[in-house]
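Trainee: I have a model open on my screen and would like to learn how to read its charged pairs and its pockets. Could you walk me through them?

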Amino acid sequence: ALRVSIMLFYGKWGLPIPWEAPLTYALGEHIPCGSGKGGALPSVEEVDWVHNVFVRSLERAFELNKAVAGQAGKTLRVV
């Protein structure tokens, strides 16, 4: 009848303010990803290579730092 959605807020003080949560950052190694072709689009092989290097770097950073972040029993699954 009202033609509006009624939202119930669940956050700090009942407002749409998120609850505080600790954040942990882990940095991986530098990934070179320039084709050096002066602005030309990268090939599919170059994109696949950079993606694979990125995923391996992400997995390595997670494995090296998961205990520090309190996630020792967790596994990382990249889909």
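Mentor: Happily! Let's begin with one pair: Lys12 and Glu20 are joined through their side chains by a salt bridge, with 2.7 Å from N to O. Keep in mind that this is a predicted model.

Trainee: What is the general idea behind such a pair?

Mentor: Side chains of opposite charge can pair when their charged atoms come close.

Trainee: Is Glu20 buried or exposed, and is Lys12 buried or exposed?

Mentor: Glu20 is exposed, because its relative accessible area is 69% and the cut-off for exposed is over 50%. Lys12 has a relative accessibility of 17%, so Lys12 counts as buried, the limit being under 20%.

Trainee: How many salt bridges does a search of the whole structure find?

Mentor: The search finds two. Besides the pair we have just discussed, Lys66 forms a salt bridge with Glu63, and their closest N and O atoms lie 3.1 Å apart. Here Lys66 is buried, at 14% relative accessible area, while Glu63 counts as partly exposed, at 45%.

Trainee: Now for pockets. What volume does the largest pocket have?

Mentor: About 330 Å³. Its lining is made up of 17 residues, and those closest to the centre of the pocket are Tyr25, Ala26, Leu58, Ala61 and Phe62.

Trainee: How many residues of each class are in that lining?

Mentor: Sorted by class, the lining of the largest pocket holds 10 nonpolar residues, five polar ones and two charged ones.

How values were computed:
Residues are numbered from 1 along each chain as its sequence is written. This is a predicted model: local features need pLDDT of at least 70, side-chain atom pairs count only at pLDDT 80 or more; totals for chains, interfaces and linings use all residues. Side-chain values use heavy atoms; hydrogens and water are left out. A salt bridge is a side-chain nitrogen of Lys or Arg within 4 Å of a carboxyl oxygen of Asp or Glu. Buried means under 20% relative accessible area, exposed over 50%, partly exposed in between (1.4 Å probe, protein chains only). On a 1 Å grid over the protein atoms alone, a cavity is a set of points where a 1.4 Å probe fits but cannot get out, and a pocket is an open set with protein on both sides within 12 Å along at least five of seven lines; lining residues have an atom within 4 Å of a point. Grid points are joined across faces, edges and corners, and a volume is the space filled by probe spheres set on the points. Ala, Val, Leu, Ile, Met, Phe, Trp, Tyr, Cys and Pro count as nonpolar, Asp, Glu, Lys and Arg as charged, and the others, Gly among them, as polar.
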